[in-house]
Amino acid sequence: MKKLSVKKGDIAVLALALIAFAAVLLLRGSPNTVTAEVSINGKTVFSSDLNKITEKEEIELENGVIIGIEPGKIYFISSPCSGKDCIKFGELLSEGQTAVCVPSKTVITLKGEKKGSIPDAIS
């Protein structure tokens, strides 16, 4: 069996790769604002920055759906639909997450925005 040896060059390459990975994570950061948008039939009926919510609230929408909102999260509490699949989505916590109640045409979407962010690409 051949014994593997580690050379100085191997350590340098590994160190550079780790530094590059850490830099990407730090520069990527997290959104400064996470906005929850609730829409019914494509029309936004509620919007709020989840970072500014200070206490638990229940919001009853015009179609009978009840939404729960707490600091940093939003979720379906109840719906007049028969399947209740929307409640099974659970809590939405980070940008890009979406929960839908198809029978009531209700959509919850979390959108994020970084202050001072730069575009991914310039066209």
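The protein chain folds into one helix and seven strands. Keep in mind as you look around that this is a predicted model. If you start at the N terminus and walk along the chain, the elements come in the order α-β-β-β-β-β-β-β. The chain has 123 residues, and buried ones make up 28% of them. On the outside, the protein chain exposes about 9,000 Å², with carbon and sulfur atoms supplying 58% of that area. What about contacts along the chain? Take the contacts with a separation of 6 or more: 31% of them are between residues 24 or more positions apart.

Let's begin with strand 1, since a lot goes on there. This strand is mostly covered, with six of its eight residues buried. Strand 1 pairs with strand 7 in the antiparallel sense, and eight bridges join the two. To see this pairing for yourself, find Ser39, which stands opposite Val107 in strand 7. Strand 1 also pairs with strand 2 (residues 43–49), again antiparallel, over six bridges. Here you can look for Val38, which stands opposite Phe46 in strand 2. Strands 1 and 2 form a hairpin with two residues between the strands, and Asn41 in this hairpin takes a positive phi near 55°.

Now zoom in on Ile40, which sits in strand 1. Is Ile40 buried or exposed? Its relative accessible area is 11%, and the cut-off for buried is under 20%, so Ile40 counts as buried. Leaving out residues up to four places away in sequence, Ile40 touches Val45, Leu61, Glu62, Asn63, Ser104, Lys105 and Thr106. Take Ser104 from that list: Ile40 and Ser104 are 64 residues apart in sequence, but their C-alpha atoms are 7.6 Å apart in space.

Next, the inside. In soluble globular proteins, nonpolar side chains tend to be buried together. Here, the largest nonpolar core has 20 residues, and those with the most contacts inside it are Leu50, Leu61, Ile67, Ile74, Phe76, Ile108 and Leu110. Which elements give two or more residues to this core? They are strand 1 (33–40), strand 4 (66–70), strand 5 (73–78), strand 6 (98–101) and strand 7 (106–113). Strand 1 gives the most, with four residues. For a closer view of the core, click on Ile74. Setting aside neighbours within four places in sequence, Ile74 is in contact with Ala36, Val38, Leu50, Ile67, Gly68, Ile69, Gly90, Glu91, Leu92, Ile108 and Leu110.

Let's move on to a sheet. Three strands form an open sheet in the order 3-4-5, with antiparallel pairing. Strand 3 (57–60) and strand 5 are at the edges and have a single partner strand each, so each has one side left without a neighbour in the sheet. From one strand to the next, the twist averages 30°. Strand 3 and strand 4 run antiparallel and are joined by four bridges; one pair to look for is Ile59 and its bridge partner Ile67 in strand 4. These two strands also make a hairpin, with five residues between them. In that turn, Gly64 has a positive phi of about 90°.

Finally, look at the charged side chains. Side chains of opposite charge can pair when their charged atoms come close. How many salt bridges does the structure hold? There are four. In one of them, Lys111 pairs with Glu37, with the closest N and O atoms 3.1 Å apart. Lys111 belongs to strand 7 and Glu37 to strand 1, so this pair ties together parts that are 74 residues apart in sequence. Lys111 is partly exposed, with a relative accessible area of 41%, and Glu37 counts as partly exposed too, at 22%.

Another salt bridge brings together the side chains of Lys73 and Glu70 (3.9 Å, N to O). Both Lys73 and Glu70 are buried. They are also part of a network of salt bridges that links Glu70, Lys73 and Glu91. You may remember Glu91 from the residues in contact with Ile74. There is also a salt bridge between the side chains of Asp85 and Lys88 (3.5 Å, N to O). Lys88 has 65% relative accessibility and counts as exposed.

Terms used
Residues are numbered from 1 along each chain as its sequence is written. This is a predicted model: local features need pLDDT of at least 70, side-chain atom pairs count only at pLDDT 80 or more; totals for chains, interfaces and linings use all residues. Side-chain values use heavy atoms; hydrogens and water are left out. A nonpolar core is a set of buried Ala, Val, Leu, Ile, Met, Phe, Trp, Tyr and Cys residues joined through side-chain atoms within 4.5 Å. Buried means under 20% relative accessible area, exposed over 50%, partly exposed in between (1.4 Å probe, protein chains only). Contact means heavy atoms within 4.5 Å. Two strands pair if DSSP finds at least two bridges between them. Axes are lines fitted to C-alpha atoms, for helices over the stretch in contact, and angles run from 0 to 180 degrees between N-to-C directions. Accessible areas come from the Shrake-Rupley method with a 1.4 Å probe; for residues, only the protein chains shown count as cover.
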